[in-house]
Each structure stands twice: as C-alpha cells, then as structure tokens.
Amino acid sequence: MTPGLALALPGLAAAGCGTLQPAPEFTEVGGDAPYVLVLGTAQDAGSPQANSPADHPARLDPLRRRLASCLGIVDPRSGGRWMVDATPDFREQFWALNQAAPRRTRLGLDGVFLTHAHIGHYAGLVFLGHESIGAHGVLVFAMPRMAEFLRTNGPWDQLVRLGNIELRGLRAGQPVALADDIAVTPFLVPHRQEYSEVVGFRIDGPTRAVLYIPDIDSWSLWDDSGVRLEDQLATVDVAYLDGTFFADGEIVGRDMSGFPHPRIVQTMERINSTAPDQAAKVRFIHLNHTNPAQWTDSPERQRVLDAGFAVAVGGERVGL
C-alpha cells in the first residue's frame, strides 16, 4: 500500500469502502507514476439503497457502505486529476480524491468523463453548480447525445450557462490526451440509451492500460457488434467489468430474467472457458446492493476469488 493511499482510506472507510482485499502486483504505484484510483464500487444508487431493509449489512455497519462506481485518474507529475463519472456520492468521492492526491489549485479537477445518462453516472455534476462548489470551467467530456442532453435540459443547462462546466465532445474510438503518455478512449457498449449513448473507457498510461465497463446489457450483444470481450481483455492490464448482479435469484420475489447486465457467474464462466489466462485481470465493479459478492466474508466473494477473478475495492490504485 502506498503512503498516499493510506491517507485516503480513513475517509473512504467512513464512506463505505470497507475492508481492503490484497491487490495484484500490477496495482502497485511508485514515485510520480500516474494511476487510476477506485472511488466507488456500487451500482448507481449505492449500497445500501434508499429502500434497502433495516437488516441490510450496510445499515447495520457503516463500514460496509459502498459508494457508486467511479474512478479517479491522477498524474502526480503535473498535478492533473480527472474523474470518470460524477455520481450522487460526488461529495465523498471528491474528498477521497483530495486525500489521496492533494489538489494544487483551488478545485484541482481537470475534467470529468461521463459514460452515460443514468443517475449514478452524471447526477453528481450538480455539486459543481451555483448551490454547491460554484466551479468555473470544469471540462466535462461527453458523447454527442449526452452533451446535448446536458445542454438542453435543466438543471444541467444552468451549469453550462453559468460556466460551471465546459462541455467537450467525445467520439467513439478517438482518444483524448491527458498528457503526452496518458489517453482516455471511449467505446460504445449496448445498454439502455433513453437519453444518451453508453460508453466504456480505455485508459492508457506510460506502461499499462485499464478497461472500464460499469454497464453493459450482455457480452453477446457486444459480440453482435463485432467486439469480443476476450479480445479487449488481451490488450489491457486491468479490466473493471460490470458486476451488477452475482446470479439470478438474488433479488427475492422478483423475476430477474429480463434484467440487463451479465451476471458475474456468467462472465466468469465465459472467460474461464474462452480465455482463462485473462481472468486475473478482471475486477468486478458496479455491484448492486443485493449482490452478496460485495461482502468480503461471503461465499460468493470467495467463489469469485477461487475462480481467479477479483472484486474492485474502494481506494485501490492501478498504476498506469
């Protein structure tokens, strides 16, 4: 564990990152190397959710809270800091980013990359607005429909009008350079598109690459578009993949057959049958409040580990 990470963890633990599991060797970060920082691991509404029962583990123990899925990108060489998605847990996550990588300017947020217009991925932009931080000119990178949605719908249009945020367009497959040796590239994935496109991101650094896909309907639909998960895994060092649900049946009393998202058990079976050498790269993220794999002491979590995979943990770093 790096010294900076140790500083970040108390705030993150209080906000619900829980017990750290051992991270793979490639997550070690040294010196001024840029890195990805996990700022949240839960589905959009966090864990517990508003309607989680009184006996939900995260209600009984605040240390079991999980914040909505979010990544930070940090370049200690320049002091650059970016966030991937702006979640409803933005306040805690921005504080955790400040603790891990102290800001060098008043705000110190060089930009936000948005995956799509579901609440857990953009609603945190409100904290950049007049009623909160009152930011000026924070770059928000968004696909065309996502940018148009923000530009033409309140309250987001006010952020644009008042100059709290400055929209920057993304195009699938076109990298955005954060430094000479760091780039973020969006790619389209199949998922509900009521208001915007849905993308994942590939984050390339000087020596390593990270894949981030918090939401996807199914890997087979991605196959149909000509993109195979296994091929993408072969080109990166770490992959944060949609782990919303562990398996069918975890939501008591509801038929889950029509729910999107590949189940963790399905993803593990697919990878271990087609590309078992890629399993160690995968860290499941975006876990629903019902997903038992979020708990470090659960049989389901152990099943993930025994299969050669891992579950993302708030506060972990991946060196780029």
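How much accessible surface does the protein have, and what share of that surface belongs to carbon and sulfur atoms? In this predicted model, the accessible surface comes to about 13000 Å², and carbon and sulfur atoms account for 52% of it. The protein has 320 residues, of which 58% count as buried. Its secondary structure consists of ten helices and 14 strands. Contacts across the sequence complete this overview: among those between residues at least 6 apart, 72% join residues at least 24 apart.

A convenient place to start is the run of strands from β7 to β12. Strand β7 (residues 176–179) pairs with β8 in the antiparallel sense, over three bridges. The two strands form a hairpin with two residues between them, and Ala 179 has Ile 182 of β8 as its bridge partner. From β8 the pairing continues to β9, again antiparallel, with six bridges. Here Phe 187 stands opposite Gly 200 in β9. Strand β9 is joined in turn to β10 by four bridges, and these two strands run antiparallel. A hairpin of four residues connects β9 to β10, with Ile 203 facing its bridge partner Val 210 in β10.

At β10 the direction of pairing becomes parallel: four bridges join strand β10 (residues 209–213) to β11. Tyr 212 stands opposite Tyr 240 in β11. On to β12 (residues 282–285), β11 pairs in the parallel sense, over four bridges. One of the bridge partners in this pairing is Ile 285 of β12, which is matched with Asp 242. Strand β11 thus has a partner in β10 and another in β12. How many of the five residues of β11 (residues 238–242) are buried? Five of the five are, so the strand is largely enclosed by the rest of the structure.

Just beyond this strand, the loop between β11 and α9 (264–274) holds Thr 244. Is Thr 244 buried or exposed? Its relative accessibility is 1%, and because the cut-off for a buried residue is under 20%, Thr 244 counts as buried. The side chain of Thr 244 makes a polar contact of 2.6 Å with that of Asp 242, the residue whose bridge partner in β12 is Ile 285. Leaving aside neighbours within four places in sequence, Thr 244 also touches Ile 285 itself, along with His 286, Leu 287, Asn 288 and Asn 291. The remaining contacts of Thr 244 are with Gln 43, Pro 214, Glu 250 and His 261.

A second loop offers a useful contrast in setting. Arg 192 is placed between β8 (182–188) and β9 (199–204), and with a relative accessible area of 42% it is partly exposed. The side chain of Arg 192 makes a polar contact of 2.4 Å with the side chain of Glu 194. Not counting residues up to four places away in sequence, Arg 192 touches His 118, Val 198 and Asp 217. The C-alpha atoms of Arg 192 and Ile 216 are separated by 8.5 Å, although the two residues lie 24 apart along the chain.

Aromatic residues add another layer to the picture, with a count of nine aromatic pairs. Phe 113 and Phe 201 form one that is edge-to-face, with 5.8 Å centre to centre and 80° between the planes. Phe 113 belongs to strand β4 (residues 111–113) and Phe 201 to strand β9, so the pair ties together parts that are 88 residues apart in sequence. Both Phe 113 and Phe 201 are buried. Elsewhere, ring pairs link Phe 90, Phe 94 and Phe 127 into a cluster.

Among the helices, α5 (residues 144–152) shows how burial can be arranged around an axis. Its buried residues are Met 146, Ala 147, Phe 149 and Leu 150. Seen down the axis of α5, these residues fall within an arc of 160°, so they line one face of the helix. What do the buried residues of α5 pack against? Their packing partners are two helices, α4 (119–122) and α6 (156–161), and two strands, β5 (138–142) and β6 (165–169).

Methods: Residues numbered from 1 in each chain as written. Predicted model: local features only at pLDDT ≥ 70, side-chain atom pairs only at ≥ 80, totals over all residues. Heavy atoms only, no water. Buried < 20%, exposed > 50% of the residue type's maximum accessible area, 1.4 Å probe, protein only. Contact = heavy atoms within 4.5 Å. Areas by Shrake-Rupley, 256 points an atom, 1.4 Å probe, with all protein chains shown as cover. Polar contact = N/O pair within 3.5 Å; in protein donor to acceptor, adjacent residues only side chain to side chain. Pairing = 2+ DSSP bridges. Phe/Tyr/Trp six-rings, centres within 6.5 Å; stacked < 30°, edge-to-face > 60°. Arc of directions from axis to C-beta.
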